[in-house]
Amino acid sequence: MDFLEIMTQKKIWPNAVTYALLMGCLCSLGKYKEAKKTMFDMEYRGCKPGIINFGILINDLGKRGRIDETKSLLLEMKKRRFKLDVVVYNMLINYLCKENKPAEAYKVLVKMQVEGCEPNAATYRMMVDGFCRAGNFENGLRVLNAMLNSKHVPRLETFCCLVEGLLDCRKMHDACFVLGEMEKRKVRFPLENWEALIMDSCGGTAGVNLVNELIDPFK
């Protein structure tokens with residue numbers, strides 16, 4: 001707090017961003033409680049916390065695998081009539097997916113849309129990747145469709161993860177659909193990669209036939 005005292009003595013009044021920087025430094029030092037106290041103390045200094053300050057705390061909890069503890073912060077934001085932005089929603093989705101809770105993350109995605117906050121490419125990517133890591137490739141495909149309909153283009157890694165999962169589940173039609181969408185956008189799944197995957201999964205003649213079946217539509 002010495003830094004803040006020096007600022008005020010020089011008649012330089014800290015704002016929400018100033019406090020956010022200080023809170024970020026405290027969190028990086030493992031001092032979450034001090035960072036949280038700083039946010040609530042700032043009001044006594046005549047500066048109201050903003051979404052950026054709550055976001056610092058939410059991000060730190062997520063990094064430390066304590067995403068469930070963000071509920072009290074979200075409740076406080078609701079009391080203050082804050083409207084969450086895409087950055088905060090993405091934090092929640094990202095950390096829920098990392099904790100292998102894609103179903104809960106999807107609820108957050110639905111909520112943000114209901115609240116009028118438009119998901120961005122990162123939102124959809126994290127959701128697709130989250131479902132894929134959990135082995136739920138059907139829901140991953142549904143989110144991918146929503147992503148494509150929103151005119152966002154997934155990264156190659158997201159496409160590849162989904163294709164590999166669908167192939168493992170023997171969902172040939174869906175895998176071909178994803179490959180077709182990749183082709184439309186000139187995003188190429190490395191042939192040798194998925195060819196090796198199929199051969200490894202099926203082996204022998206069955207693997208060769210499966211590879212040929214997938215390749216034919218793109219010849």
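Glu-76 has a relative accessibility of 21% and therefore counts as partly exposed, a class lying between buried (under 20% relative accessible area) and exposed (over 50%), computed with a 1.4 Å probe on protein chains only. The model is predicted: local features need pLDDT of at least 70 and side-chain atom pairs pLDDT 80 or more, while totals for chains, interfaces and linings use all residues. Residues are numbered from 1 along each chain as its sequence is written, and side-chain values use heavy atoms, leaving out hydrogens and water.

Glu-76 takes part in a salt bridge with Arg-80, that is, a side-chain nitrogen of Lys or Arg within 4 Å of a carboxyl oxygen of Asp or Glu. Arg-80 is likewise partly exposed, at 23%. Together with Glu-43, these two residues are linked in a network of salt bridges. The whole structure holds 11 salt bridges, among them the following.

| Salt bridge | Closest N and O atoms |
|---|---|
| Glu-76 and Arg-80 | 2.9 Å |
| Lys-171 and Glu-138 | 2.9 Å |
| Arg-185 and Glu-181 | 2.7 Å |

The pair of Lys-171 and Glu-138 joins distant parts of the chain, 33 residues apart: Lys-171 lies in the loop between α10 (156-168) and α11 (172-184), and Glu-138 in helix α9 (residues 137-149). Helices are DSSP runs (H or I) of at least four residues, numbered from the N terminus. Lys-171 is partly exposed at 26%, as is Glu-138 at 38%. In the third pair, Arg-185 is partly exposed, with a relative accessible area of 28%, whereas Glu-181 is buried, at 9%.

Key. Helices (H or I, at least four residues) and strands (E, at least two) are DSSP runs, numbered from the N terminus.
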